[in-house]
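Here's a quick back-and-forth on how the strands and chain contacts in this model get their labels. Have a look at the structure first.

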Protein chains: 4
Amino acid sequence: MTKNFIYKFKIYYEDTDSGGVVYYANYLKYLERARSEAIYSLGLTNTKLQKDYGTLIIVKSCNIEYKKPARFEDELEIISSVLTKTKTSFTMKQIIKKDEETISEADVQLVTVNKEGKPVKIPKILEKFLN
Amino acid sequence: MTKNFIYKFKIYYEDTDSGGVVYYANYLKYLERARSEAIYSLGLTNTKLQKDYGTLIIVKSCNIEYKKPARFEDELEIISSVLTKTKTSFTMKQIIKKDEETISEADVQLVTVNKEGKPVKIPKILEKFLN
Amino acid sequence: MTKNFIYKFKIYYEDTDSGGVVYYANYLKYLERARSEAIYSLGLTNTKLQKDYGTLIIVKSCNIEYKKPARFEDELEIISSVLTKTKTSFTMKQIIKKDEETISEADVQLVTVNKEGKPVKIPKILEKFLN
Amino acid sequence: MTKNFIYKFKIYYEDTDSGGVVYYANYLKYLERARSEAIYSLGLTNTKLQKDYGTLIIVKSCNIEYKKPARFEDELEIISSVLTKTKTSFTMKQIIKKDEETISEADVQLVTVNKEGKPVKIPKILEKFLN
């Protein structure tokens, strides 16, 4: 991943609620899509990571702040970067923007675990993504 | 299952869209909840069905008609019954109502399969549900 | 819309269920995204259609057949075309494919309505889409 | 609301992902359901709050920690309580439990706004809920 990984997406009917804005839980879906796309940009997939490295990336915590509402048919982008890392975890800053305006901002702590859910060392293949 | 199995539920923000009504895909979630609750009413679970009988119930087709919109904070019920069955499949009629009014109506064809996805005979334990 | 409108998308974690495949209700989300993208390809949006023409497109019925499961990180496409139309409604055939294989196939009946939900004549601007 | 408001719910197929566990964004749906049910327990609805008091409750931030995975067909409960309040906002602690075990824990900051999205004084009718 480059310093800032950018993912663009659109708001469809499925994303909105009767308040006329994007439903607050759905932002976590977009954050996850952006993280998956960051992995794809390395030539990796979550499936390969699991099959070849026995590793899954799970979310340990998510701290999200809602600043402005996003609306139906908006075109948004997420700018993701790595804030900190340890041997078995890393924290990402993910900013959701509409044009130049910040819609929402999240700090997401991720842990690499094995199939039994135990933390394991972050695979070397992910290092490019984390530096 | 008795002739008609009844499942009651409420519409939360997550269920609605910016049109102010329940998003059309979400009705299929409620139909599935109602079918799961019908299974629970037999003292069974999908998990047990899979572990003890090696059987999963999958949806082969769904034909749903939207008659009236449901709205935020509506209280709805689904009346489910079995229309027809074969050795490895059955079709259910599921009617979603608000008070006495039909909101939506679906015919859902279900197949019992093994872990490899091949159709298998409907387990005896489900017979009560199907007669 | 050209005769066949094509929409491509990916399967993320949010789309799958514990059966390891795409959850059956989610296909209706993709069908709706594909229909929205078809509208965007005309230089239109649902929002403009509502503001400038007082028209919403609502789903009257959906008949979907599930042929093969789609899985996490699959890349799929939807091929949409108009089957039939009346003055106030039209039916689309939407085929979901993975490579050359049909995953799912749906007939979706759509109605153009005004803000009160009454059927209205399909706006001229949509004619390109329907012929 | 009593000091601790309790909301019970079940995990259906729609809630899980191909990792075999509840998808991380979905917990925010349950938190919102629990908050809506707390409002219903006061004899109120979100709809009434909007119509009669011109007030909506929106989420300003959500800080959620995932401690244990929840799984398909689990029966969970959410224990919600108010941590702090100001004139126009309040923060809730919401703990998701399976039996005696904490699955997830969230601090959610909520703001009462008018139809234009401007913060307004928390309506008196909500005071019972907040003390």
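Q: What makes the strands of chains B and C one open sheet?
A: In this predicted model, 10 strands follow one another in the order β1(B)-β3(B)-β4(B)-β5(B)-β2(B)-β2(C)-β5(C)-β4(C)-β3(C)-β1(C), with antiparallel pairing.

Q: Why are β1 of chain B and β1 of chain C said to stand at the edges?
A: Each of them (residues 5–10 in both chains) has a single partner strand, so one side of each is left without a neighbour in the sheet. As for twist, neighbouring strands here are turned by 25 degrees against each other on average, ignoring direction.

Q: How do you know that β1(C) and β3 of chain C really pair?
A: Pairing takes at least two bridges. β1(C) and β3(C), residues 75–85, share 6 bridges in the antiparallel sense, so they count as a pair. Within it, C:Phe5 stands opposite C:Ser80.

Q: What makes β2 of chain A and β2(D) a strand pair?
A: Same test: at least two bridges are needed, and these two strands have 5, running antiparallel. The pair therefore qualifies. A:Asn63 stands opposite D:Asn63 there.

Q: Which residues make up the contact between chains D and A?
A: Being in contact means C-beta atoms within 7 Å; 15 residues from chain D and 15 from chain A take part. On the chain D side, α1 (26–40) and β2 (56–66) each give two or more residues, and β2(D) has the largest share with 9.

Q: How many residues on that chain D side are nonpolar, polar and charged?
A: The split is 8 nonpolar, 4 polar and 3 charged.

Conventions
Residues are numbered from 1 along each chain as its sequence is written. Chains are lettered from A and ligands numbered from 1 in the order in which they are written. This is a predicted model: local features need pLDDT of at least 70, side-chain atom pairs count only at pLDDT 80 or more; totals for chains, interfaces and linings use all residues. Helices (H or I, at least four residues) and strands (E, at least two) are DSSP runs, numbered from the N terminus. Axes are lines fitted to C-alpha atoms, for helices over the stretch in contact, and angles run from 0 to 180 degrees between N-to-C directions. Two residues are in contact if their C-beta atoms, placed from the backbone, lie within 7 Å. Ala, Val, Leu, Ile, Met, Phe, Trp, Tyr, Cys and Pro count as nonpolar, Asp, Glu, Lys and Arg as charged, and the others, Gly among them, as polar.
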